[in-house]
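Visitor: I would like a close look at a single part of this structure, namely its aromatic pairs, and after that a word on the pocket. Please take the aromatic side chains in turn.

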Amino acid sequence: MAFTLPLGATAPDFCLPATDGKCYSLADFADAKILVISFTCNHCPGVIGTNPNLRELAERFKGDGVVFVGINSNSILPHPDDSFKEMIALMEREKYPWTYLRDEAQTAALAYGALRTPHFYVFDSDRKLVYTGRSVDQPYDSTKVTKRDLEEALVELVAGKPVSNPVTNPLGCNVKWEGQDQHWMPEDACDLVLS
């Protein structure tokens with residue numbers, strides 16, 4: 001796990017613009033008891049398939065102090081629909097219950113070691129990483145979902161329990177790195193769980 005943030009690591013800070021016209025850093029989410037950061041985008045079918053479940057989780061756990069943040073780090077060269085302008089349009093249309101940030105320079109994606117879209121990172125009140133990986137086992141087809149790993153992690157955390165399955169492999173499209181082929185991955189990027 002040399003590339004991706006390991007369990008127990010402190011959340012790297014960032015200062016990124018959001019679709020609501022503001023800029024955000026970790027300090028802006030200081031009141032969150034649990035912070036869920038996802039590396040996401042507009043175009044990936046895995047993201048599109050996961051978003052309805054994510055909306056449900058964000059609304060369900062809001063009263064428990066769980067805050068959701070999405071970060072789009074994708075280069076727009078292979079996918080212009082991942083542009084900041086299109087992010088704003090998406091949020092105006094869908095009104096997702098999370099803050100949606102643009103990581104144009106891809107510094108946040110590198111600091112966290114984002115592998116896929118979506119890739120979830122869950123931090124406790126001390127901003128220590130307690131879960132990393134996927135939301136569900138079938139992000140492309142919600143009718144085939146048998147495992148809801150992110151939901152299970154949040155249920156345990158809200159109950160004051162440790163996460164029983166804290167590392168899973170994120171499922172979806174790879175992050176689109178600037179200046180690289182759209183299927184390129186950094187050399188030290190690898191699956192988090194070896195099958």
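Guide: What follows describes the aromatic pairs and then the largest pocket. The model is a predicted one. It holds 8 aromatic pairs. In one of them, the ring centres of F3 and W177 lie 6.4 Å apart and the ring planes meet at 75°; an angle over 60 degrees counts as edge-to-face, so this pair is edge-to-face. The contact joins distant parts of the chain, since F3 belongs to the segment before β1 (16-17) and W177 to the segment after β9 (173-174), with the two positions 174 residues apart in numbering. F3 and W177 are both buried.

A second pair is made by Y96 and W98, which are stacked, with 4.5 Å from centre to centre and 5° between the planes. Y96 and W98 are each buried as well. Elsewhere, one aromatic cluster is formed by F39, Y112, Y121 and F123.

Y96 also leads to the pocket, for this residue is part of the lining of the largest pocket. That pocket has a volume of about 160 Å³. Besides Y96, its lining includes C41, N42, V47, I48, N51 and D81, together with E86, L90, R93 and E94. Two elements, α1 (45-61) and α2 (84-94), give two or more residues each to this lining. The greatest contribution comes from α2, with 4 residues. By class, the lining of the largest pocket comprises 5 nonpolar, 2 polar and 4 charged residues. Y96 thus appears twice in this account: in the stacked pair with W98 and in the lining of the largest pocket.

Conventions. Residues numbered from 1 in each chain as written. Predicted model: local features only at pLDDT ≥ 70, side-chain atom pairs only at ≥ 80, totals over all residues. Heavy atoms only, no water. Phe/Tyr/Trp six-rings, centres within 6.5 Å; stacked < 30°, edge-to-face > 60°. Buried < 20%, exposed > 50% of the residue type's maximum accessible area, 1.4 Å probe, protein only. 1 Å grid on protein atoms, 1.4 Å probe; cavity = no way out; pocket = protein on both sides within 12 Å on 5 of 7 lines; lining within 4 Å. Points joined across faces, edges and corners; volume = space filled by probe spheres on them. Nonpolar A, V, L, I, M, F, W, Y, C, P; charged D, E, K, R; others polar.
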